[in-house]
Amino acid sequence: MANDKNKQSLLQKENQRSSFSGKLGYVLAVAGSAVGLGNIWRFPYLAAKYGGGIFLLVYLILMLTFGYALIVSETALGRMTKRSPVGAFGIFGKGVPYLLGGWINAVIPMLIVPYYSVIGGWVVKYLFEYLQGNTAVLAEDNYFSGFIANSVQAELWFLLFGLIVIIVLFAGVKQGVERVAKVMMPLLVILAVFVAVYSVTRPGAWEGVKYFLIPNFDNFSWMTVVAAMGQMFYSLSIAMGILYTYGSYINKDVDIENSTKQVEIFDTAIAMLAGLMIIPAVFAFSGGDPDTLKAGPSLMFITIPKVFASMGFGTGAGILFFLLVLLAALTSAISLAESGVSTFEDQFGLSRHKSALLMGAVIVIFGSASALGFGVLDFISLLGMSVLDIFDFLTNSLMMPLAALSTCILVTRVVGLDKITKEIEQSSRFKRKKMYCIFMRYLAPVCIVIILFSSIANVMGWIAM
Ligand code: TRP
């Protein structure tokens, strides 16, 4: 009897331990895929461009409602079906709508990773220049625009980053890279805090802090909402089927609600830190120049070098910063490409090497177009967007809302909210169930349709936003 009890408590302990490490492992994996260039490069430039505090407010609201509901749905669908998106949609039905729903989720990462690698290439270039001590040169006005307009340079640095990604996929050393990156991430956070404090305390920077943190409704436009929604998908790695795949790996003991909350907090904290590093620096070094604020994808590469050039140990800080950002970018690019590779393997029955080659070709072709879009291909533009911006807009503002819509429809019309909430309740009491159901059923689809329509209307020039 006593023996039995002992055994039982031992078992319980074991269960608790394994479930704890399972949960923590899951949160770390998702957080690891969430933190990347999206937080450090993309969030600050969008916040600067689309109204500062008002962008931040819209972003936070969307993340806590919409983002939350979608992460929970995707993870639960993955855990329920044990499949990635194309397979998961296929389980619930055959026919064109299911194929479209699955494939739109699966194609998005393949379109993101090429231009992601272009930005990755910029990071490698800056790391290289800091290693040579060219700290002052990098901070010169127009240095960055000169660099990306030089087609040979832009293409070569992109190819270097793209090649690293492809080689890692080929060699199957993804886990190794991820382990290194995970150890380095806390270092990135510490360095970011340090740089943010330095930025915020520069003379004139306070205006920037206010611009970033205090919502000003005069700066609101529909594009604020479109951009914030796209950024939310991008930064949290949702609306592209990734979380179906992650969800398919977890057990019933992982509390989906709680882990979602932790990932959101972590991801947003890092994005806000990056905002505090970069936006106040724009005000300190360029007096809040509207042109710089609207610099778009180049903002990080214009502002951060000015910060480093003005401080002691700037070269060391530059090396460390770009090295850490490079690691974060590499792990994200590898996971994005990996998702493409496994789609090719599963759906076309290709071998791993053939799939990796195919993914490599996609990266080189679309990535080159994006890299050259500031140089020899600069005649291609849509609404003032370069090729890179077009890819970014296409995936984040058009395709991801459609992917999110397909998940909403799958959950509410096909699987049923009942079944999904039961899946979530297997691991915990579903505290925000009411909000979740209302959101999935009404608010999310309506918001998506309005936003999609307005961004298309904007591109077509029917309305000015
Ligand atoms: N969230 C990542 C970032 O902020 C980018 C990203 C989107 C990603 N989808 C992903 C990374 C899937 C890994 C896997 O940069």
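The bend at a residue is the angle between axes fitted to the seven residues ending there and the seven starting there. In this predicted model, helix α9 shows such a bend. The kink is about 35 degrees and lies at Met184. Its position is shortly before the proline Pro186. Helix α9 covers residues 174-200, 27 residues in total. At 1.5 Å a residue these should span 39 Å. The end C-alpha atoms are 37 Å apart, which agrees with that expectation. Buried positions occur along α9 and include Lys174, Val177, Ala181 and Met185. Leu188, Leu191, Ala192, Val195 and Ala196 are also among them. Tyr198, Ser199 and Val200 complete the buried set of α9. An α-helix has 3.6 residues a turn, so residues three or four places apart point the same way.

A second helix, α15, spans residues 299-310 and has twelve residues. The distance from its first C-alpha to its last is 17 Å. This is close to the 16 Å expected at 1.5 Å a residue. Helix α15 is mostly covered, with nine of its twelve residues buried. The buried residues begin with Leu299, Met300 and Phe301. Thr303, Ile304, Pro305, Lys306, Val307 and Phe308 are buried as well.

The ligand is surrounded by 15 residues. The closest are Ala34, Gly38, Tyr116, Tyr234 and Ser235. By class, the shell holds seven nonpolar and eight polar residues. No charged residue is part of the shell. Backbone atoms approach the oxygen atoms of the ligand at two residues cited here. A polar backbone atom of Gly38 is 2.7 Å from a ligand oxygen. For Leu37, a backbone N or O atom lies 3.1 Å from an oxygen atom of the ligand. A side chain approaches a ligand nitrogen: a polar side-chain atom of Ser237 lies 3.1 Å from this atom. Taken alone, the ligand exposes 360 Å², and the protein buries 100% of that area. Four elements each give two or more residues to the shell: α1 (2-34), α2 (37-49), α11 (222-235) and α16 (314-348).

Two serines in other helices were also examined. Ser355 is found in helix α17, residues 352-372. Its relative accessible area is 0%, so Ser355 counts as buried, the cut-off being under 20%. A polar atom of the Ser355 side chain lies 2.8 Å from the backbone oxygen of Ser351. Ser73 lies in helix α3, residues 53-81. Ser73 is buried too, because its relative accessibility is 0%. The C-alpha atoms of Ser73 and Leu324 are separated by 32 Å. Along the chain these two residues are 251 residues apart.

Backbone geometry was then considered in two loops. Most residues other than glycine have a negative phi. Lys82 has a positive phi, near 55 degrees, and is not a glycine. Lys82 is found in the loop between α3 and α4 (85-92). With a relative accessible area of 44%, Lys82 is partly exposed. Ala239 also has a positive phi, of about 60 degrees, although it is not a glycine. Ala239 lies in the loop between α11 and α12 (242-248). At 0% relative accessibility, Ala239 counts as buried.

Definitions and conventions:
Residues are numbered from 1 along each chain as its sequence is written. This is a predicted model: local features need pLDDT of at least 70, side-chain atom pairs count only at pLDDT 80 or more; totals for chains, interfaces and linings use all residues. Side-chain values use heavy atoms; hydrogens and water are left out. A residue is near a molecule or strand if one of its heavy atoms lies within 4 Å of it. A polar contact is a pair of N or O atoms within 3.5 Å; within protein, one must be able to donate a hydrogen and the other to accept it, and residues adjacent in sequence count only if both atoms are side-chain atoms. Accessible areas come from the Shrake-Rupley method with a 1.4 Å probe; for residues, only the protein chains shown count as cover. Ala, Val, Leu, Ile, Met, Phe, Trp, Tyr, Cys and Pro count as nonpolar, Asp, Glu, Lys and Arg as charged, and the others, Gly among them, as polar. The expected span of a helix is 1.5 Å times one less than its number of residues. Buried means under 20% relative accessible area, exposed over 50%, partly exposed in between (1.4 Å probe, protein chains only).
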